[in-house]
Amino acid sequence: MLEYTPNGEGYFFGRNEENPLEADAIIVDEASMLDITLAHNLLKAVSVGCRLILVGDVDQLPSVGPGTVLKDIIRSKMMPVVRLNSIFRQAALSPIVLNAHRINKGLQPECDKCNDFCFTEINDEIEAAKYIVDNYVRITASEGWEGVQVLSPMHKNPCGVMNLNKLLQERMNPAEPGKTEIMTPNGLLRTGDKVMQIRNNYEKDVFNGDIGRIDRISGTNVSVLFPERPEGEKVDYAQSELDELQLAYAMSVHKAQGSEYPSVIMPLVPSHFMLLQRNLFYTGVTRAKKSVILVGSRAAVNTAVSKDDMRKRYSLLAERMQEESNLV
């Protein structure tokens, strides 16, 4: 939207105060992911008289860059705020909703092996990874390849994204005579694999986080079917573009923010200690529409619920907004 292009020295946005966005109203979804720099450049590109609407959940993961822009704007009490209380992703009394509220309050989720929010305690991380794979296979057998998503806090270790993708590929789409495959910068891909676009490609009209399946591999070219596109329309990738794809049986919670899936399987294990945070836990479980399966140790669950220090960021944006208002 802001026509961002890297120039080797920093940020360059084609849209700015000299070339503003042509709109009467701009709606920014997932606004909790706006950092100070991006928000600054966005505001420079908004013309006088244009209405800017920010939509987001401040309890989810904050921006990768500095600041908590949406949270600070709300905290400043200088802008009108509307809170949406009706839930449409899950049923109002769904255990997912009830436990999301509990997690947000720093309380332990209420889990039951028989309901739609369950926790299986497995302290050995290799065994936990095997359990995750078994459940993924079970759910896809009845719900299809889009029916479940594994979300992990980290990329490394036995229950990290990389290892889980390797294990899931071996079970869901093993090598077979006649099945084509290709080595890419992000690993081995086969015909039939579940893959994700990992950065925006405006020419192909595919974007960061889009998930599809490899339909065909011909030489060094790969064709992918994305369910959100018109039926039968494939996206073709040349060899030089294959670094835009990676396996998507498992992905990080950060990558999943803004998406939703029928069922979510989420490992919570001690080796992920550095990233176990309440907002990450909350974000992961609220991606699910029907069911959540947690796997790991109780100690890791306790850490994820109690650890909330990542919410503290000091940009003084709220205070500066209040000061500016007092000067007007």
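Two strands pair if DSSP finds at least two bridges between them. Strands are DSSP runs (E, at least two residues), numbered from the N terminus. The model is predicted: local features need pLDDT of at least 70, side-chain atom pairs count only at pLDDT 80 or more, and totals for chains, interfaces and linings use all residues. Residues are numbered from 1 along each chain as its sequence is written.

**Exercise 1.** Find how strand S7 and S11 are joined, and place them in their sheet.

Solution. Step 1: strand S7 covers residues 194-197 and runs antiparallel to S11, with three bridges between them. Step 2: one pair to look up is methionine 196, whose bridge partner in S11 is glutamine 246. Step 3: the open sheet has five strands in the order S10-S9-S8-S7-S11, with antiparallel pairing. Step 4: its edge strands, S10 (234-237) and S11 (245-247), each pair on one side only.

**Exercise 2.** Describe the link and the pairing between S5 and S6.

Solution. Step 1: S5 leads into S6 by a hairpin of two residues. Step 2: S5 pairs with strand S6 (residues 187-190) in the antiparallel sense, over four bridges. Step 3: glutamate 181 has arginine 190 in S6 as its bridge partner.

**Exercise 3.** Describe the contact between domain 1 and domain 2.

Solution. Step 1: domain 1 spans 4-86 and domain 2 spans 95-306, with bounds from an automatic or database domain assignment. Step 2: eight residues of domain 1 are in contact with 10 residues of domain 2, where contact means heavy atoms within 4.5 Å. Step 3: the count of salt bridges between the two domains is zero (a salt bridge is a side-chain nitrogen of Lys or Arg within 4 Å of a carboxyl oxygen of Asp or Glu).

Note on methods. Heavy atoms only, no water.
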